[in-house]
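The following report describes one protein chain, moving from its overall build to two selected positions.

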Amino acid sequence: MTVTLHVCITCRAGQALGEGETTPGARLHAAILDTGAPDGVTIVPVECLSACNQGCSVALSAPGRWSYVYGRMSETNAPDIVAGAAAYAAAPDGIVPWRTRPEIFRKQSLARVPPINFMPEAAE
């Protein structure tokens, strides 16, 4: 099963950009590509993750797994993002134990989305 690491390439991270200037999101995407995709992870640029007030954002998803959106990222975080993607790919359900996640994934999580087929047990 392939895990997808989505990277918002249109993110401006609150910066005013000059004509032809590369967005911080595109720089983050390039830095992640330079770091290299872990086994089983596909890196996909996307135009918007709707986390515009949270700086550069990335999302991890795979069929049947929980998905995560992380924000306040920069190109300096590329190695930690790739390490987090590798841990997510290795977790059978997409849930990486909190203490083993890279620190940026522990502190900069914006959303956790259940798998489409997720049916929770009734709350008592």
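## Overall build and two buried positions

Of the 124 residues of the protein, 42% count as buried. The model is a predicted one, and the values below are computed from its atoms.

The secondary structure amounts to 3 helices and 5 strands, and, read from the N terminus on, these elements follow the order β-α-β-β-β-α-α-β. The radius of gyration is 15 Å, close to the 14 Å that the globule rule gives for 124 residues, so the protein is as compact as a globular protein of that length. Taken along the principal axes, the C-alpha atoms fill a box of roughly 55 × 30 × 25 Å. When contacts with a separation of 6 or more are considered, 67% of them are accounted for by residues 24 or more positions apart.

As for the surface, the protein exposes about 7,100 Å², of which carbon and sulfur atoms supply 53%. The protein has 9 positive and 11 negative charges, and the mean positions of these two sets are 7 Å apart.

Two residues can now be set side by side.

| Residue | Place | Relative accessibility |
|---|---|---|
| Thr23 | loop between β1 (3-8) and α1 (24-35) | 14% |
| Cys56 | strand β3 (residues 56-61) | 2% |

Why does Thr23 count as buried? Its relative accessibility is 14%, and because buried means under 20% relative accessible area, Thr23 falls within that class. Thr23 is placed in the loop between β1 and α1, and its side chain reaches the backbone nitrogen of Ala26 at 3.0 Å. If residues up to four places away in sequence are not counted, Thr23 touches Ile9, Thr10, Cys11 and Leu17.

Cys56, in strand β3, is likewise below the cut-off, because its relative accessible area is 2% and buried means under 20%. Which residues are in contact with Cys56, leaving aside its neighbours within four places in sequence? They are Cys11, Ala13, Pro24, Gly25, Leu28, Tyr70, Gly71, Arg72 and Met73. For one of these residues, Gly71, a distance can be added: Cys56 and Gly71 are 15 residues apart in sequence, while their C-alpha atoms are 5.7 Å apart in space.

The two contact lists also share a name, since Cys11 is touched by Thr23 and is in contact with Cys56.

Key: Residues are numbered from 1 along each chain as its sequence is written. This is a predicted model: local features need pLDDT of at least 70, side-chain atom pairs count only at pLDDT 80 or more; totals for chains, interfaces and linings use all residues. Side-chain values use heavy atoms; hydrogens and water are left out. Helices (H or I, at least four residues) and strands (E, at least two) are DSSP runs, numbered from the N terminus. Buried means under 20% relative accessible area, exposed over 50%, partly exposed in between (1.4 Å probe, protein chains only). A polar contact is a pair of N or O atoms within 3.5 Å; within protein, one must be able to donate a hydrogen and the other to accept it, and residues adjacent in sequence count only if both atoms are side-chain atoms. Contact means heavy atoms within 4.5 Å. The radius of gyration is taken over C-alpha atoms; the globule rule is 2.2 Å times the number of residues to the power 0.38. Accessible areas come from the Shrake-Rupley method with a 1.4 Å probe; for residues, only the protein chains shown count as cover. Lys and Arg count as positive and Asp and Glu as negative; His and the chain ends are not counted. The place of a charge is taken as NZ of Lys, CZ of Arg, CG of Asp or CD of Glu.
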